[in-house]
Every structure is written in structure tokens, then in C-alpha cells.
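Work through the exercises below with the sequence and the 3D view at hand, and try each task before reading its solution.

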Amino acid sequence: MRSLTTRLGALALAGVLGLTACSFDSGSSTGDGTGATTLRVANPTPVVSLNPFAANSADQPTLTVVQEVFETLVVRENGEIAPKLAESWTNPDPLTWQFVLRKDVTFADGTPMTSADAKASLQALIDGKGPLAGLWATVDEIGTPDEHTLTIHTSSALGTVLSNLTLLWIAPAAKLADSAFFNAPYGTGPFKVSSFTAGQSVELTRNDNYRGDQPKLETISYRYIPEVSGRVTALSNNEIDVTWGLPPDQLTGLRDNDALTVESFPTYANYYIWFNSSREPFTDARVRQAMWHAVDFGRINDSLFDQAGTAATGPLPEAIFGAAGQNPYAYDPAKAKQLLTEAGYPNGFSTSMMWSTGCCTNGNSFADAMISDWAKVGIVVKPEELERATWLDKLLKLDWDSTMTTGSTITGDADFTLARLYLSTANRNGYANPELDRILLAARAELDQDKRADLYAQAGKIVWDDAVGIFPLDLSGNVVLRKGVEGFTPTPNDLPDFAGVSLR
């Protein structure tokens, strides 16, 4: 029934766009010698907002687009922090960070960027109370001594300032309070938004005022195609130029297509299933652990995720700063039944699991496989596949029993995931542990990076052993490009960047 529903949803969406289920206007054909400069992108997850300061501040579809429009003070390059809009920074004392901003930067409308814009953007992120606001909880003053100097003062030492700043997008201060601005936002980046229809499409055009090398592309056109089959057909029919996140069983055939290039690469992303630890029966760690022991993830990974990733060894992918391997959970249905009995559920229980349409590689098949294994130990799980906006709303309201999703530690620093999601004050999954809070806050305040890594290893062990969620797979990324698409460079942050792409 879910597959039929998804197909009908795809047809309905296509009807709204005035297209067939997987058809695009081929007037922007690329890679065929016509010299067209529109990159046609099929994103696997809908872009529901272009506001990176509030509820969608950590949403990957949102960030994939806004990274072409806005820029940050610093970036992570080859694992190291490098300047972007800030040309240098210092620590006058352990509680103060001072940034010198570039003087040659303007927004797409020609307005100079100043420290007032940086201050307003950081304040908007904090005031937006979205998933990234907690990264800045210790900020007590943001200063602008002059037009090109920004100071950030914290109430306690904050060892994550630079990694956090890789996700602070600088927007015009005068526009931040105007919600309509985010229907067609512009920043200091190489592109600006020309049109946006939430959940359907985004059109970017080149920012002719960009200070750096002008992009070779004139336009980037994003369209949401929910069905994997629709994206594969669109690739084969030269209706799109690029897509990503395809399941591994589709990649073999695409690799054999001389018109396409398939690139696979390690990422900071992983698959996880969270339990709402504030809602029974998941208030009991033994129930959460039973859910993990009941599923044969080795078999599932082999059948569904060949070349799509590797078995996780902890709640963070190994490449992330602060990740550490943990003791694996064995597939052991007898152990699962024992834990359920000890927790007072000898006959199992009924519950539900939600996920968003198109959220995850082989998501529906993965859910079916887990639900089948859980049923064998008496746990009846009702599947709930939701549109992404509905899923996100329920997620933030803790209106769910369990949820399946993928996530990425976009900054490459353990704090982004462990502290942002598992501090009691974050209240993202109903889990609260004072000892975990103590460790995470100590790690966040520690300026010695080796000590930070040790603390995050301790925190990861608590999250893993308490089965706050199930962490089955660290994900590899894949991008499929038409042969005429050149200059694409994969990055591990799971945000495909097309600013440097050209079309042959």
C-alpha cells in the first residue's frame, strides 16, 4: 500500500508541476554541445524552506540549496578550518573570539556586507530556536567594534566556535525579520534565488555581483522527484543532469550507461532509528536494547545496502572528530525476549515508527525488514510514512513513538550531533541523562582538542549502551552525473555543491 501511495503522490506532484511523472522541460538540455548553462538537478528530498535560521537550520535539503546563496565566516577544507568571509580571528581571552571580516564583500543587491550583518545573522540563529540554536547557548554578547570586526563573548569557554561557524550563513541584517525574504533570498554567494515553490522546485540564477570567480552555470534548477524510478528514468532520458542518494541496486545499471558517471564517496552521514524515550515503553532502556537485539542488521545490510555504507561502530561515523568504536549489539532474538520480559512486556507490545517520504536509501524496504524482525519477538510496529514537512513538525513536537531517518554531522565535529541532539535541554528524542549532559558540556567548553576527543568517546558510549537509538549503518554518498557535467567535487558533509560545475 505504501508503494502505491508513493506512486500516486508522485503523479499528483507531477500534475501540480504540469509534467508527466518523470518528465522535465528538455529546453535546458545540457552536455549535448548546445552550450546550455542550466544545471538540472533532481533532489531526492523536498526543499520545504530556504530559511537557514530557524526550524530548518539543520535540514539537509535546505542547506544543499542555501550553500549556493549564502556564505559563512569560515569553512572546513580537508578537515581543517579555513577563512571565508572572515579573513582572520584571534582569542584575546578564553571567553572572547574576535573576527576580522573581509572588506570586499557585497550582497547580491550590491549592498556591502558588514559586521552588523554577521551579528544579526548569529542573533537570528539563536532567536530562531531551531536545531542549531543550542550550539550557541553560552553566547552572552555579540559585538561590532567597527564595520569589519565581530566579537563573540561567551559565558564559559566554547571550544566549538569555529566548527559552529561553518553553519552560520550571513544574510542582510535588514532582511532577516522579513519572512517573505526567504521566498527568494540572496546573500554574498555565487547564486541567488529567482523562484521557490516549497516542496517542489527551486531556481537559482548567477549572482553577477559575486566577488570571486563567476560560476560557469547561469542557472541551477532543482526539482523534487520522489520516486527512485522517476529519477533513474529522467537520467536515462536526458531530462536531468544530476541526482544523488540512489539505492545501490540502481547504481550497477547506471555505471554501465556510457552517458553517465557514478561517483561514490565516504560521508559524515549515518542511518539511525530513534526511540522517544519520554514515551512508554521506550522510557525503559531494556526495551530500547531489545529492539536492537531483535533485528538482523547484518542480513539487512547485505541485502539492501551493498556498497551504500558500512556497519556502524558507534553513533557517529568514524571520520568525524570525536567518534569512537563501541561494543556491537548482536542479533539475538532470545536476548530481546529476555529484556522485554524483564521490562514487563513478556508478550511484546504495539507501537509505531514514522519516517519521511524519500528520506532514506531503501527506506521503505528497510522499514519492512525491521518491522518483520520485530514481529518475531512480539513487537507490532505500525509504519507511518509521512510527507517531509509533516514528519518534521511531528519530530520537533516529540509527537512520535520511534522514527527512522538519516543525519549528517555536517561540521565534521562530534559536538554538532552529540551535544545538539542528546543534551537534555535539546529535548529532541525525550532522552535525559545528567551524566551525559555533564560530559557533553565539558567537551564543548574544552579548548584542548585531545581532551575533547576523549570526552566525546565517553559520551558516545552512553548513547550507544543506553540505546537512545539504533545506529545500523554509516553511509557512503553517491552522485550520478551526465557526462557533460564537469568540475563536481564530492564532499563528506552530504551537501552536494554545484557552484564549481560547468557543462560541456
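Two strands count as paired if DSSP finds at least two bridges between them. The model used in these exercises is a predicted one.

**Exercise 1. Describe how strand E10 and strand E11 are arranged, and what happens at the turn between them.**

Step 1: Locate the two elements, with E10 running over residues 191–197 and E11 over residues 201–206.

Step 2: Look for bridges between them; E10 and E11 pair over six bridges, and the sense of the pairing is antiparallel.

Step 3: Follow one of these partners, and you will find that Thr197 is bridged to Ser201, which lies in E11.

Step 4: Turn to the three residues that separate the strands of this hairpin, where Gly199 adopts a positive phi near 80 degrees.

**Exercise 2. Decide whether Ser408 is buried or exposed, and find what surrounds Ser408.**

Step 1: Place the residue in its element, which is strand E18, spanning residues 402–408.

Step 2: Compare its relative accessible area with the cut-off, under which a residue is buried below 20%; Ser408 has 7%, and it is therefore buried.

Step 3: List the neighbours, leaving aside residues up to four places away in sequence, and the contacts of Ser408 include Gln60, Tyr268, Phe416 and Pro492.

Step 4: Examine Asn493, another residue that Ser408 touches, and note that the side chain of Ser408 comes to 3.3 Å from the backbone oxygen of Asn493.

**Exercise 3. Explain why helix H7 is described as largely enclosed by the rest of the structure.**

Step 1: Take the nine residues of H7, numbered 285–293, and ask of each whether it is buried.

Step 2: Among the buried residues are Val287, Arg288, Met291 and Trp292.

Step 3: Because seven of the nine residues are buried, H7 is largely enclosed by the rest of the structure.

**Exercise 4. Judge whether the radius of gyration of the protein agrees or disagrees with that of a compact globule.**

Step 1: Begin with the chain length of 504 residues, for which a compact globule would have a radius of gyration near 23 Å.

Step 2: Set this beside the value for the protein, which is 23 Å, so the two agree.

Step 3: Add the wider setting, in which the C-alpha atoms fill a box of roughly 65 × 60 × 35 Å along the principal axes, and buried residues make up 57% of the 504.

Step 4: Finish with the contacts between residues at least 6 apart in sequence, of which 71% join residues at least 24 apart.

Definitions and conventions
Residues are numbered from 1 along each chain as its sequence is written. This is a predicted model: local features need pLDDT of at least 70, side-chain atom pairs count only at pLDDT 80 or more; totals for chains, interfaces and linings use all residues. Side-chain values use heavy atoms; hydrogens and water are left out. Helices (H or I, at least four residues) and strands (E, at least two) are DSSP runs, numbered from the N terminus. Buried means under 20% relative accessible area, exposed over 50%, partly exposed in between (1.4 Å probe, protein chains only). A polar contact is a pair of N or O atoms within 3.5 Å; within protein, one must be able to donate a hydrogen and the other to accept it, and residues adjacent in sequence count only if both atoms are side-chain atoms. Contact means heavy atoms within 4.5 Å. The radius of gyration is taken over C-alpha atoms; the globule rule is 2.2 Å times the number of residues to the power 0.38.
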